[in-house]
Amino acid sequence: MSDFRSALASGARIIFDGAMGTMLQTRGLAPGRNPEEFCMERPDILRSIHTGYVRAGADVLTTNTFGGTRHKLPPALRVGEFNRRMAEEARRAVAESGAERRVFVAGSIGPTGKFLKPLGDLSFAVMVEAFREQIRGLMEGGVDLLIAETHFDLAEARAVAVAARREGKLPLVLSMTYEAGRTLTGSSVEVCAVTIANLGADVIAMNCSAGPQEMRGAATDLLRFSPAPVLIQPNAGLPQLRDGETIFPLGPDEFARLTAEFARPENSGGAQCLGGCCGTTPEHTAALKKALDAMPPPGPRPAQNGIALSSRSGLVRIGTGQPLCVIGERINPTGKKRLSAELKAGELTTALRLADEQAGSGALILDVNVGAPMADEVLCLPALVSRLQTRVALPLSLDSSNMDAVEKALEEYPASALVNSISGEEGRMERMGPLCRDFGAPFILLPLRGRKLPVKAAERIAILEDMLERMDALGVPRRLAVADALVLAASSNPDAGRECLAFIAYCVEKLRLPVLCGLSNISFGLPARGLLNASFLSLCAGAGLNACIADPTNPCIADAVAACNLLLGHDAGAERFIRLYADRQDGGPAGAPRGMPETHESSPPPTLKDAVISGRLETAETLTRAALEAGEDPFAIVGERLIPAINEVGARYERKEFFLPQLIRAAESMQAAFRVLRPLLEKDARAERQPVIVLATVEGDIHDIGKNIVALLLGNHGFEVVDLGKDVSAARIVEAAETHNASLIGLSALMTTTMVRMRDTIELVKEKGLHQKVMVGGAVVTEDFAGSIGAYYSDDAVGAVRLARSLLPASA
């Protein structure tokens with residue numbers, strides 16, 4: 001095959017290579033030694049591993065550049081030079097292998113170890129530039145494709161995709177890693193598959209974290225939901241510690257037997273691409289190739305119908321066969337003086353309240369418009385998007401004619417937002433179409449051009465078809481587009497309704513394009529607007545309309561949507577309709593269905609506990625001040641409100657009801673409340689010395705995300721945290737524990753090559769006769785390993801808090 005995309009299109013099975021890190025350990029990489037530096041010094045060892053995989057049957061070699069960004073490489077290595085050199089060594093290994101078939105080289109791009117704002121401190125632009133710098137080096141070294149692997153946050157995966165698109169047109173594989181079917185930041189396999197498909201990845205993949213048995217559920221979901229070819233790369237089982245050495249238990253034959261099951265065509269078409277991750281060897285690759293040779297070719301991938309929008313943890317599909325969807329319209333300053341004034345001042349309180357109200361009233365997507373007079377949309381829109389992404393799980397629609405504001409907002413958004421909209425105006429498609437393509441953002445096509453409104457359906461269709469042709473010429477995929485029916489006022493045009501219905505029918509039947517509309521225009525200037533809007537919505541739904549931008553808190557709209565979804569077959573067993581309307585008497589007055597508030601004025605104000613649990617930082621701070629002004633005791637506020645709140649957050653996290661973004665936001669809200677209380681707590685005689693814990697990522701390991709989360713939660717639970725950072729020696733850890741008279745030491749490691757360094761700290765504590773107990777954790781660390789070195793184990797941040805409390809001496 002001449003290139004990787006041709007190989008994919010042929011339908012042939014493609015075998016990726018296996019582990020690199022564990023292979024390097026068997027060839028002389030010492031525990032704690034940086035694998036990038038080692039391979040620069042010993043490229044012969046690196047090439048021998050690559051050659052082994054080629055001779056075992058691998059069709060794709062992966063470069064040793066997993067940690068090849070500026071955020072992970074040792075200071076002595078230059079990003080461009082290192083990545084180019086590693087790519088060249090892989091190419092040289094292919095030549096030395098004597099392979100007579102085409103073997104591709106994939107440039108590996110791992111996580112930076114940083115979170116994007118607002119979860120972390122890195123901006124999207126900085127992260128994209130870091131990946132572009134790495135990709136340039138890989139391309140100079142001659143890679144055939146790029147593989148972003150072991151990513152745990154969709155926002156960072158998007159940054160890789162944007163960087164790859166801006167540097168060229170190489171094929172892109174995007175691979176996420178999951179635990180219990182979710183990424184670290186709470187995205188399901190389906191959300192990831194949809195978002196990555198929108199980004200235009202050539203292959204959607206998953207790797208690491210588990211062996212083929214433990215990976216089965218997530219792999220089944222990926223095969224079910226991915227419209228693109230799938231790559232699955234399991235570990236050789238879960239790591240175990242035997243005789244002081246970390247091993248992966250699955251041998252080549254068992255690994256191959258279990259992994260090859262993912263290729264069966266009856267499994268949603270089967271995976272076209274397979275390979276190995278941690279603990280696999282060329283022998284595993286050879287066995288996998290043998291198992292796959294006996295398999296029938298993969299089947300077709302599931303077809304994608306309509307568009308799909310996502311947040312980190314939410315997903316909405318809009319298209320034929322999907323329920324009618326309401327896009328909440330209320331975050332719009334038109335006719336809202338208070339909202340306009342706040343947006344002009346850069347204040348977001350009312351906008352956030354409107355988001356909460358609409359989310360609680362059945363909206364599936366929130367339209368976000370900050371276009372108030374004299375408001376700076378370029379600053380305000382991304383700021384509001386940043387706040388909303390950690391506040392609500394609903395996907396957002398970015399509603400602005402300011403193209404710079406939309407671009408900045410897309411940088412803040414972690415998944416697939418809807419862009420509202422791209423009109424037929426000169427130059428708008430040329431700017432916004434490629435932008436939406438690169439960011440994986442579906443968009444609304446508004447059939448409007450020039451000053452004259454297209455009153456007739458035929459006029460709108462002509463504009464729309466011209467826009468679709470311009471999209472094709474720009475390489476913007478039609479799968480991202482949804483048409484706007486351009487509803488006009490019936491008060492000034494008696495044919496407005498019929499023309500709109502004709503346009504909807506044409507889009508659905510002829511163009512196979514999903515359609516939405518801004519509903520309220522139809523009733524402009526007329527009485528009983530709610531009645532007209534609801535009636536027209538029902539007519540449009542019958543014609544094929546898929547979504548509407550409307551007020552979800554309006555009972556007439558809620559009634560019409562519920563009835564349409566039932567009557568059009570989108571409410572199986574009428575379950576939702578019955579749940580909402582079982583209490584309504586036949587012929588009774590219209591009103592909010594059960595479960596939907598009539599108004600929001602009657603809702604009780606949030607409590608301090610509610611504010612912490614829901615992660616409302618400003619509200620938590622305000623309510624804490626109000627409690628103090630009312631004369632409440634600061635210690636009682638902590639003990640009776642804040643601690644129960646953060647405990648409830650922890651319980652929801654363990655039940656998988658909350659995920660990392662909610663956990664971090666709640667912890668930050670509690671910190672905001674503590675900042676108000678701390679001066680009073682510290683000067684009170686009842687204040688006690690906080691127990692001290694020293695935290696560090698062990699020597700040789702530069703991963704610290706998990707440790708940072710543990711530090712945040714421990715600080716909120718009454719610990720004084722001494723965080724030494726990453727790549728910290730045992731001597732420095734023990735010295736800090738002595739200096740600060742710590743009660744506990746907490747150690748983190750992400751790699752099998754570095755977790756063995758945890759033993760160094762424990763042995764040094766014993767050698768010095770110190771009293772500190774040691775907690776350990778990290779992706780590769782197990783309870784058995786912890787027990788074998790004399791440490792205590794926790795598998796997540798919430799569990800670490802509980803463990804730390806239990807280990808405190810009685811006097812602490």
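Glu 179 lies in the loop between strand S5 (172-176) and helix H8 (189-198). In this predicted model, Glu 179 is exposed, with a relative accessible area of 60%. Together with Glu 783, Asp 784 and Asp 795, Glu 179 forms a negative surface patch.

**Strand S5 and its sheet**

The strand that precedes this loop presents another picture. S5 is mostly covered, with 5 of its 5 residues buried. From S5, Leu 172, Leu 174 and Met 176 point one way, while Val 173 and Ser 175 point the other way, and all of them are buried. Strand S4 (residues 145-151) runs parallel to S5 and is joined to S5 by 4 bridges. One of the paired positions is Ala 148, whose bridge partner in S5 is Leu 174.

Both strands belong to an open sheet of 8 strands with parallel pairing, in the order S1-S10-S7-S6-S5-S4-S3-S2. Strand S1 (14-15) and strand S2 (60-62) stand at the edges of this sheet, and each has a single partner strand, so one side of each is left without a neighbour in the sheet. At the S2 edge, the pairing with strand S3 (residues 104-109) is parallel and extends over 3 bridges. Within that pairing, Thr 62 has Ala 106 in S3 as its bridge partner.

**Strand S20 and its partners**

A further set of parallel pairings involves strand S20 (residues 547-550). Ala 547 and Ile 549 point one way from S20, Cys 548 and Ala 550 point the other way, and all are buried. Strand S13 (residues 325-331) runs parallel to S20 and is joined to S20 by 4 bridges. In that pairing, Cys 325 has Ala 547 as its bridge partner in S20. Strand S19 (residues 515-518) also runs parallel to S20, with 3 bridges between them. Here Cys 517 is matched with Cys 548 of S20 as its bridge partner.

**Salt bridges**

Side chains of opposite charge can pair when their charged atoms come close. The structure holds 48 salt bridges. The table lists three pairs, including the distance between nitrogen and oxygen.

| Acidic residue | Basic residue | N to O distance |
|---|---|---|
| Asp 202 | Arg 5 | 2.7 Å |
| Asp 356 | Arg 391 | 2.8 Å |
| Asp 466 | Arg 470 | 3.7 Å |

In the pair listed at 2.7 Å, the side chains of Asp 202 and Arg 5 meet. This pair links distant parts of the chain, 197 residues apart: Asp 202 is in the loop between H8 and strand S6 (203-207), and Arg 5 is in helix H1 (residues 4-10). Asp 202 counts as buried, because its relative accessibility is 17% and the limit for buried is under 20%. Arg 5 is partly exposed, with a relative accessible area of 37%.

The salt bridge between Asp 356 and Arg 391 has its closest N and O atoms 2.8 Å apart. This pair, too, links distant parts of the chain, with Asp 356 in helix H13 (residues 349-359) and Arg 391 in the loop between helix H14 (377-389) and strand S15 (396-399), 35 residues apart. Asp 356 counts as buried at 19% relative accessibility, whereas Arg 391 counts as partly exposed at 21%.

Asp 466 and Arg 470 also meet in a salt bridge. Both residues lie in helix H17 (residues 457-474), and because they are 4 residues apart there, they are separated by about one helical turn. Asp 466 counts as partly exposed at 26% relative accessibility, while Arg 470 counts as buried at 17%. Elsewhere, Arg 47, Arg 85, Glu 89, Arg 92 and Glu 96 are joined into one network by salt bridges that share partners.

**Arg 312**

A last position of note is in another loop. Arg 312 is placed between strand S11 (307-310) and strand S12 (315-318). With a relative accessible area of 6%, Arg 312 is buried. Arg 312 and Phe 659 are 347 residues apart in sequence, while their C-alpha atoms are 9.9 Å apart in space.

Methods:
Residues are numbered from 1 along each chain as its sequence is written. This is a predicted model: local features need pLDDT of at least 70, side-chain atom pairs count only at pLDDT 80 or more; totals for chains, interfaces and linings use all residues. Side-chain values use heavy atoms; hydrogens and water are left out. Patches are made of residues with over 30% relative accessible area and no salt bridge: like charges are joined within 9 Å, nonpolar side chains (Val, Leu, Ile, Met, Phe, Trp, Tyr) within 5 Å. Accessible areas come from the Shrake-Rupley method with a 1.4 Å probe; for residues, only the protein chains shown count as cover. A salt bridge is a side-chain nitrogen of Lys or Arg within 4 Å of a carboxyl oxygen of Asp or Glu. Lys and Arg count as positive and Asp and Glu as negative; His and the chain ends are not counted. The place of a charge is taken as NZ of Lys, CZ of Arg, CG of Asp or CD of Glu. Helices (H or I, at least four residues) and strands (E, at least two) are DSSP runs, numbered from the N terminus. Buried means under 20% relative accessible area, exposed over 50%, partly exposed in between (1.4 Å probe, protein chains only). Two strands pair if DSSP finds at least two bridges between them.
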